[in-house]
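Visitor: I would like a close look at a single part of this model, with its charged side chains taken one pair at a time. Please set that part in the context of the whole chain as well.

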Amino acid sequence: MSPERRGGPKRAREAAELEQQRRQEQKRRRRDAQQRQQLQHLESFYEKPPPGLIKEDETKPEDCISDVPGNEHAREFLAHAPTKGLWMPRGKEVKVMQCWRCKRYGHRTGDKECPFFIKGNQKLEQFRVAHEDPMYDIIREDKRHEKDVRIQQLKKLLEDST
């Protein structure tokens, strides 16, 4: 029997497996493309103002702050803050919101849109969460008390053994 004939069924199986893998990959790509298209549709739907929204008397954000000396900085900030790009379902605009972490507009600290939602300085984040916890001081005092009691017990054992 020739070597070509011996490898025939094996090669046919390998070719069939490769074809099946290629088909599965194509299905996965199509499914990913459909999901991506649905997400893009949703994003573009919420970013666009609703049809029929007519803004005749458009109020400016800085108009909500009185024009008195001392408010110039706040009025200037609101005048140049971005107001376009984020639309809520009923045509309501998300206006002046700035994230304290990333300094971008349109979301607040702790929102999932923030690029620093999960990542960032983890030690500072743990410190902030711990100190915002109302039980932090009580837990810290309990740990300190337990440590002191343990030290006293060990000192007593040392004194008793000598």
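Guide: What follows is a walk along the salt bridges of one helix, framed by an outline of the chain.

Because this is a predicted model, confidence comes before geometry. The mean pLDDT of the protein chain is 77, with 72% of its residues reaching 70 or more. Among the elements, the lowest mean pLDDT, 50, belongs to helix α1 (residues 3–6), whereas the highest, 92, belongs to helix α5 (residues 136–161). The secondary structure consists of five helices and zero strands, so that the order from the N terminus on reads α-α-α-α-α.

The part to look at closely is helix α2, which spans residues 8–47. The structure as a whole holds seven salt bridges, and several of the residues that form them can be followed along this helix.

Start with Arg23, which forms a salt bridge with Glu19, where the closest N and O atoms are 3.6 Å apart. This pair falls inside the criterion because a salt bridge is counted when the side-chain nitrogen lies within 4 Å of the carboxyl oxygen. Arg23 and Glu19 are separated by about one helical turn because they are four residues apart in helix α2. With a relative accessibility of 27%, Glu19 counts as partly exposed.

Moving on to Glu25, one finds a residue with more than one arginine to consider. Its side chain meets that of Arg28 in a salt bridge, at 2.3 Å from N to O, and these two residues of helix α2 are three residues apart, about one turn of the helix. Glu25 also takes part in a salt bridge with Arg29, for which the closest N and O atoms are 3.4 Å apart; here the spacing within helix α2 is four residues, again about one turn. Salt bridges with shared partners join Glu25, Arg28, Arg29 and Asp32 into one network. In general terms, side chains of opposite charge can pair when their charged atoms come close.

The accessibility of these residues completes the local picture. Glu25, at 28% relative accessibility, counts as partly exposed, and Arg28, at 34%, is likewise partly exposed. Arg29, by contrast, counts as exposed because its relative accessibility is 53%, and the threshold for that class is over 50%.

For a nonpolar counterpart, turn to Met135, Ile138 and Ile139, which make a surface patch of about 260 Å². Ile138 is found in helix α5, and with a relative accessible area of 45% Ile138 is partly exposed.

Returning to the whole chain, 10% of its 162 residues count as buried. The protein chain exposes about 14,900 Å², of which carbon and sulfur atoms supply 54%. As for contacts along the sequence, among those with a separation of 6 or more, 28% come from residues 24 or more positions apart.

Note on methods: Residues are numbered from 1 along each chain as its sequence is written. This is a predicted model: local features need pLDDT of at least 70, side-chain atom pairs count only at pLDDT 80 or more; totals for chains, interfaces and linings use all residues. Side-chain values use heavy atoms; hydrogens and water are left out. pLDDT is the predictor's confidence in each residue, from 0 to 100. Patches are made of residues with over 30% relative accessible area and no salt bridge: like charges are joined within 9 Å, nonpolar side chains (Val, Leu, Ile, Met, Phe, Trp, Tyr) within 5 Å. Accessible areas come from the Shrake-Rupley method with a 1.4 Å probe; for residues, only the protein chains shown count as cover. Buried means under 20% relative accessible area, exposed over 50%, partly exposed in between (1.4 Å probe, protein chains only). Contact means heavy atoms within 4.5 Å.
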